[in-house]
Amino acid sequence: MAIDRQRLRELIEQEEATYLRTHRKSYELYKQAQTCLLAGVPMHWMVRSAGNFPITVTEGSGARFRCVDGHEYVDLCLGDTGAMAGHAPPTTSKAVAARAAAGITFMLPTEDAVWCGQELTRRFGLKYWQFALTATDANRFSIRLARHITGRPKILVFNYCYHGSVEETFITLRADGTPALRAGNLGPPVDPRVTAKVVEFNDLAALEAALAPGDVAAVLAEPAMTNIGIIHPDPGYHQALREICTRTGTLLIIDETHTICAGPGGYTRAHGLQPDIFVLGKPIAGGVPVAVYGFTEQLAARLAGRIAVDESDTGGIGGTLAGNALSLAAMRATLEHVLTEDAFRHTISLAQRFEAGVEGVIAAHGLPWIVKRLGCRVEYWFRPDPPRNGGEAAATVDADLDRFMHLAALNRGIMLTPFHNMALMAPTTTAADVDRHTAVFGECVELLLGRRPS
Ligand code: PMP
């Protein structure tokens, strides 16, 4: 069923007008911000906000937040996973307040460092851990150590991956299969074709060919792609990926920053993966900036003695604020009390409810759309079958439709993750929140199909 593009444009205009009318204070703050913030936003990507300017938040608790205009939102974006533990989870907030009152950063470990290291091993299986501030940094540090250990210059990534601002990863495939610079990557320091290779996810022959020359230090991969929509690996894919990496002497870095939604031990534990290096950022300390990267015992043994003590801080791996006392206290409280096994049982069952609800609306209207789920993360996608790789997914992105669904939901009190309308469940999300989304989704579809007056 084709979407009436004229109708879609009119609906977007109506939603924009509603948004502007009902978010006057956010708009005024945006106007003021234009005098001091580049383009009037704290981070430039916010110029792409669905309503043309961002909502200014006052506070959040549980799975909701409130804005300066007095509206309350069911938050299914959750800071794009940063707030997956929910907003202001009481035990994390308490630990953060206590730690802040007792000193935030020392460039020295606190006892929490050992607790966190032991818990990370228990959860994810890898033996040794390091701290960073962001997932981007943890990826960057992992890549540099992988190059150092293997003596190889390149890394390999999957088409349309996202691993933060890691320069090497902004490489894409042209239709003819040759690599190119990813459009929109500002000021690349080096052409990523010098430092990286790219293949499609789920293409084992291409992976095999790219790793055969033995010049790739590491494959950097999300175990299921999540940043061009959710793309699941084919059955047996991970086993083959591991086998090819081992055979070609390539290290395997698994970035679980989003796929931690698969369970308390991430996708790695849920599916028995065996990465050499494991990366996780965003939600691990309830939103306080911290990231971790872990190594197997074998890899740590290869690293031992390969960094001269006097040179260990030259390259800035593990910067000044990494592993600070505040972030470790937040991580400990979050792992011990918030992102627990019980919490995942609740959030995964809510995601199943979300999936069933949206599927029901799609079926009722005979739409050629699908719903994809990974643990407690779900999204809908405007195509009839699941894409097998980033290229296929990117080819069916419908930015206007994404924008309408996002903005219409926002105007009805629901915040989805922008750009691909993904929903994440927090331990404090309720079945009523999910059902409210289903009702709003149904209403938006009826508007779109002209089955409800706009
Ligand atoms: N890895 C993955 C898989 C991500 O999705 C992201 C952010 N969306 C990052 C890394 C980077 O996280 P950060 O911006 O916190 O560094």
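These legends accompany close-up views of a predicted model.

**View 1. Residues around the ligand.** The shell around the ligand holds 14 residues. Thr 136, Asn 227, Asp 255, His 258 and Lys 282 come nearest. By class, the shell divides into 8 polar, 4 charged and 2 nonpolar residues. Helix H5, residues 135-150, supplies the largest share of the shell, with 3 residues.

**View 2. Polar atoms facing the ligand.** Three protein residues are shown here with their distances to ligand atoms. Thr 136 places a polar side-chain atom 2.5 Å from an oxygen atom of the ligand. At Ala 135, a polar backbone atom is 3.4 Å from a ligand oxygen. Asp 255 faces a nitrogen atom of the ligand instead: an N or O atom of the Asp 255 side chain lies 2.6 Å from that nitrogen. On its own, the ligand has 390 Å² of accessible area, and the protein covers 84% of this.

**View 3. A nonpolar patch on the surface.** Met 43, Trp 45 and Phe 419 make up this patch. The patch measures about 310 Å². Trp 45 sits in a loop. That loop runs between helix H2 (24-33) and strand S1 (57-61).

**View 4. A stacked aromatic pair.** The structure has 19 aromatic pairs. One of them joins Tyr 30 and Phe 53. A pair of aromatic rings is described by the distance of the centres and the angle of the planes. For Tyr 30 and Phe 53, the centres are 5.8 Å apart and the planes differ by 20 degrees. The pair counts as stacked because its plane angle is under 30 degrees. Tyr 30 belongs to helix H2, while Phe 53 belongs to the loop between H2 and S1. With 23 residues separating Tyr 30 from Phe 53, the pair links distant parts of the chain.

**View 5. A salt bridge within helix H4.** The model contains 29 salt bridges. Among them is the one between the side chains of Arg 122 and Glu 119. The N to O distance is 2.8 Å. Both residues lie in helix H4, which spans residues 112-124. Arg 122 and Glu 119 are 3 residues apart, about one turn of the helix.

Terms used. Residues numbered from 1 in each chain as written. Predicted model: local features only at pLDDT ≥ 70, side-chain atom pairs only at ≥ 80, totals over all residues. Heavy atoms only, no water. Near = heavy atom within 4 Å. Polar contact = N/O pair within 3.5 Å; in protein donor to acceptor, adjacent residues only side chain to side chain. Areas by Shrake-Rupley, 256 points an atom, 1.4 Å probe, with all protein chains shown as cover. Helix = DSSP H or I, 4+ residues; strand = E, 2+ residues; numbered from the N terminus. Nonpolar A, V, L, I, M, F, W, Y, C, P; charged D, E, K, R; others polar. Patch = residues over 30% accessible without salt bridge, like charges linked within 9 Å, V, L, I, M, F, W, Y side chains within 5 Å. Salt bridge = Lys/Arg side-chain N within 4 Å of Asp/Glu carboxyl O. Phe/Tyr/Trp six-rings, centres within 6.5 Å; stacked < 30°, edge-to-face > 60°.
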